[in-house]
Amino acid sequence: MQLQPNTMENRKIKTALISVFNKDGIDEIVKLLAKNDVKIISTGGTQKHIEDLGIWVTPAEKLTGYPSILGGRVKTLHPAIFGGILRRDDNPSDLNELKEHSIEAIDLVMVDLYPFEETVANGGTESEIIEKIDIGGISLIRAAAKNFKDCLIVSSKNQYSDVLDLLQSQDGGTTLEQRKTFAAKAFNVSSHYDSAIFNYFNDGESIDAFKASELNSKSLRYGENPHQKGEFYGNLTEMFDQLNGKELSYNNLVDVDAAVRLIDDFTEQPTFAIIKHTNACGLAIADTIEEAYVKALECDNVSAFGGILAANEPINIACAEEVNKLFCEVVIAPDFDEDALELLKSKKNRILLKRKNVDLPAREYKSILNGVLVQDKDEDYEEIEKFETVTKTQPTDAQVGALKFANKLVKHTKSNTIILSDDKQLFASGTGQTSRVDALKQAIEKAKKFGFDLNNAVMASDAFFPFPDCVEIADKEGIKAVIQPGGSIKDNDSITYCDRNDMAMVMTGVRHFKH
């Protein structure tokens with residue numbers, strides 16, 4: 001009967017291969033190994049770094065019989081190295097082969113890969129990027145991880161401190177379960193690395209494949225609801241400096257994403273947005289950021305309670321004094337004046353996010369059924385020059401500005417949606433309705449509730465009008481200009497009604513569904 005391995009056995013390291021790109025943090029590990037009389041094998045810059053610490057190193061080329069060649073492209077790819085890593089200590093045939101070929105068993109492999117992603121992110125040339133595709137390192141990682149029963153793999157600089165603590169606490173040894181855990185981490189590193197390389201080469205998407213990988217993760221308090229587990233995969237510190245408040249929740253993050261997407265479409269004048277459940281319940285443009293906030297709050301000061309606030313300009317003390325009167329979860333801005341920041345921090349749980357300049361992904365995806373949906377982000381924006389007036393009545397200059405404003409907003413609102421506005425302020429929106437007529441009625445009711453006069457307001461729709469009922473209802477409320485994608489087989493019915501009632505209708509040819 002074959003004996004099961006003892007997962008708690010503390011196996012001592014006798015021989016280690018160390019070849020790392022990032023050498024910060026390896027000194028204490030190397031010193032501990034030397035203290036425990038571990039034989040250290042190394043290459044190139046890592047070898048020199050260890051020797052400079054006064055520690056004896058066996059060059060890899062002494063084992064392989066070959067020097068580093070091709071400008072360092074080939075250093076460890078040799079049976080004398082990989083045989084030592086991949087041998088099975090419980091396999092007599094393996095051990096006999098090692099003895100026959102004078103190959104020494106290797107118990108620890110420590111690797112830190114060339115910084116491929118960083119080189120791409122920093123705008124490296126194609127030649128520089130290609131040279132940062134690690135070959136020997138990734139091979140060492142896979143080999144040592146595969147043979148976790150007999151070899152410990154340290155596959156990233158992020159694991160240096162963990163392995164040091166482990167070896168210090170266990171007299172230079174590891175258990176089988178610990179080695180298996182490090183093996184899992186290693187395959188996480190290698191699969192992520194290969195995904196990054198594939199996505200670089202497949203930038204033109206000539207190969208139909210979906211590969212997304214993110215090493216950074218953060219456990220959330222819960223998911224969308226308290227009974228759901230939630231995680232965020234990504235690095236928020238690349239996007240924001242959090243200046244105050246509690247940790248962002250799952251729902252906070254979803255709304256923050258919606259707020260950022262919306263506010264980024266408004267760059268020309270001071271603009272403030274208030275988001276609730278990913279929809280704007282307030283949006284306004286003004287001469288100053290504080291005026292923009294006050295106008296945005298006027299849109300719906302009830303829904304604004306507990307909302308996400310986003311500004312496209314730094315928040316000053318005048319704006320902060322107004323914001324401070326409202327209970328809100330998150331405030332996002334490019335910056336905060338010092339006195340404004342001090343005031344807003346008076347509410348300890350209020351999350352304050354200072355944005356950083358970062359390019360966001362051009363594609364988005366979501367899991368559905370047993371697969372994943374992937375699409376380009378809806379970043380189309382129809383400039384005024386592309387507006388096609390399809391009615392006899394031409395929109396006035398003021399109406400054109402209002403139609404542009406409303407059309408920007410409509411693409412960020414849940415379908416079916418109708419937006420009512422002028423050129424600087426959202427009056428109301430009908431959001432997430434199963435009927436476009438219901439969305440319009442909801443928007444009208446809400447606009448009246450908050451005291452907006454719809455005479456000469458404009459209406460925007462995210463998709464075409466299948467019937468003329470929406471323009472008829474809008475006309476009766478005093479709305480005289482409409483923007484929509486067009487494309488219905490009954491477009492002419494809506495156009496005819498507008499012509500008979502002196503309404504202007506503009507078509508864009510671009511639908512903006514948002515589910």
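Biologist: Which helix sits between strands E3 and E4 in their β-α-β unit?

Modeller: This is a predicted model, by the way. The unit made with E3 and E4 is right-handed, and E4 covers residues 58-59. The helix that completes the unit spans residues 44-52 and is H2.

Biologist: How many bridges pair E3 with E4?

Modeller: These strands pair in the parallel sense. Along the pairing, Ile41 stands opposite Thr58 in E4. As for bridges, E3 and E4 share two.

Biologist: Which residue in E3 does Leu17 stand opposite?

Modeller: Start with the strands: E2 (residues 15-20) and E3 (residues 39-42) run parallel and are joined by four bridges. They also make a right-handed β-α-β unit with helix H1, residues 27-35. Within E3, the residue opposite Leu17 is Ile41.

Biologist: And on to E5: which residue there does Ala16 stand opposite?

Modeller: E5 takes in residues 108-112 and runs parallel to E2, with five bridges joining the two. Opposite Ala16 you'll find Leu108.

Biologist: So what is the strand order in the open sheet?

Modeller: Five strands form this sheet, and the pairing is parallel. E4 and E6 (152-154) stand at the edges with a single partner strand each, so one side of each has no neighbour in the sheet. Reading across, the order is E4-E3-E2-E5-E6.

Biologist: Which strands does H8 touch as it packs on the sheet?

Modeller: H8 is the helix of residues 136-146. Its direction makes about 145° with that of E5. The strands H8 touches are E2, E5 and E6.

Biologist: What about H9: at what angle does it run to E6?

Modeller: H9 is made of residues 160-169 and lies across E2, E5 and E6. Its angle to E6 is about 145°.

Biologist: Back to H8: is it roughly parallel or antiparallel to H10?

Modeller: H10 spans residues 176-201, and its axis is 9 Å from that of H8. The two helices pack at an angle of about 150°. Angles over 145 degrees count as roughly antiparallel, so H8 is, relative to H10, roughly antiparallel.

Biologist: How many nonpolar residues are in the contact of H8 with H10?

Modeller: H8 brings Ile138, Ile141, Arg142, Ala145 and Lys146, and they meet residues in H10 including Ala183, Phe187 and Tyr193. Besides the nonpolar ones, the contact has one polar and two charged residues. The nonpolar count is eight.

Definitions and conventions. Residues numbered from 1 in each chain as written. Predicted model: local features only at pLDDT ≥ 70, side-chain atom pairs only at ≥ 80, totals over all residues. Heavy atoms only, no water. Axes fitted to C-alpha atoms, helices over the stretch in contact; angles between N-to-C directions. Parallel < 35°, antiparallel > 145°, perpendicular 65-115°, else oblique. Contact = heavy atoms within 4.5 Å. Nonpolar A, V, L, I, M, F, W, Y, C, P; charged D, E, K, R; others polar. Pairing = 2+ DSSP bridges. Right-handed = clockwise from strand over helix to strand, strands pointing away.
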